[in-house]
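Here's a quick tour of a fold, written for someone who likes to check things against the coordinates. Have a look at the model first.

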Amino acid sequence: MMTVVSDIVYAPISDWEKHTLDLYYPPTQKSPHGSLIVFVHGGAWRTGDKSGFVNMAKNLAKSTRDVVAVVNYTLSIAAIKDDPTSVPSKAQHPKHVQDVAKALGYLYKHASEHKGYNPDSIFLVGHSAGGHITGLLALRPDLYLEPVEVELGLKKGTLHTAVRGVVGVEGIYNVDRLLKTWPSYRDFVVQGFGEDPEALVRGSPDGQQVPGDATFVLPQYAVIQSNDDELVDPDQASDYYLYLQSVAGASMHRVALEFGDWGKHDDMLQTAQFIETISKYVHDWQQQ
């Protein structure tokens, strides 16, 4: 029987901050403990909620036999209707990434409390804007994970090392290029990042200057994209894949790119092919 623990508070909540997550425990779990799969939803940084991914999370937990976490993060919601510039700066980038980083820290630190998963074996799955968030967590642990490690008293690199793999699903990896390709997206981009064009470049996973110290290792990484996606162009995936290969260097075999006929942007998450694809990558990476 599937066990679901809902509305776990991973950081203080306020009237504008969404700091809760749900955990899905598969009917039959691996022994002694399997991995933790953390799903980060999309929604253009301004919409979306973990409650919309119940069936997907259950199917993924059942398929992988691993615990699945679905995370809420603070959204960039306009204070004045139809005015994207009215979003308070405190609710804009990098707040979304910082929130998910805090959720990872909580899940790592409280693994013994929640049981059922190995905190040193975490896999991130990010869809659309969630792919942007998981990308920055993987590429810039110095900016996003290390502050959480300091706050929790963890050794530097603990959370980065714990993330063993990342799957970007129809992700937004270059926000500046997205806006140039889809000018009609200006409203939600301004809501999420403000009006400074440089913020779009600095805040994109694609092209990040990764930490230069020896402790940085790119996690195993898969970029997957549906051929039927009507909201994010395929160049986002293709270009990001080439960038990840350049980061991986001699370990470029750890980076994969996969296109498939998985349906439209949001419909993809409800398909059996999606669950099978994520399960395949997680299983393969667990063996390495």
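What follows covers the sheet, the helices packed on it and one covered helix.

Keep in mind that this is a predicted model. Its eight strands make up an open sheet with mixed pairing, and the order across it is β1-β2-β4-β3-β5-β6-β7-β8. At the edges sit β1 (3-9) and β8 (255-260); each has a single partner strand, so one side of each is left without a neighbour in the sheet. On average, neighbouring strands here are turned by 20° against each other, direction ignored.

Zooming in on one pair, β2 (residues 20-25) and β4 (residues 67-71) run antiparallel and are joined by four bridges. Within that pairing, Asp22 of β2 sits opposite Val70 in β4.

Now for the helices that go with the sheet:

| Helix | Strands involved | Angle |
|---|---|---|
| α4 (residues 129-139) | touches β3, β5, β6 and β7 | about 135° with β5 |
| α12 (residues 272-286) | lies across β3, β5, β6, β7 and β8 | about 155° to β6 |

Then there's α2 (residues 95-109), which makes for a neat sanity check. How far apart are its end C-alpha atoms? They are 21 Å apart, and that agrees with the span of 21 Å you'd get for 15 residues at 1.5 Å a residue. This helix is mostly covered, with twelve of its 15 residues buried. The buried set includes aromatic and aliphatic names you might expect to look up, among them Val97, Leu104, Tyr106 and Tyr108, but Lys95, His96 and Asp99 are buried as well.

Key: Residues numbered from 1 in each chain as written. Predicted model: local features only at pLDDT ≥ 70, side-chain atom pairs only at ≥ 80, totals over all residues. Heavy atoms only, no water. Pairing = 2+ DSSP bridges. Helix = DSSP H or I, 4+ residues; strand = E, 2+ residues; numbered from the N terminus. Axes fitted to C-alpha atoms, helices over the stretch in contact; angles between N-to-C directions. Contact = heavy atoms within 4.5 Å. Expected span 1.5 Å × (residues − 1). Buried < 20%, exposed > 50% of the residue type's maximum accessible area, 1.4 Å probe, protein only.
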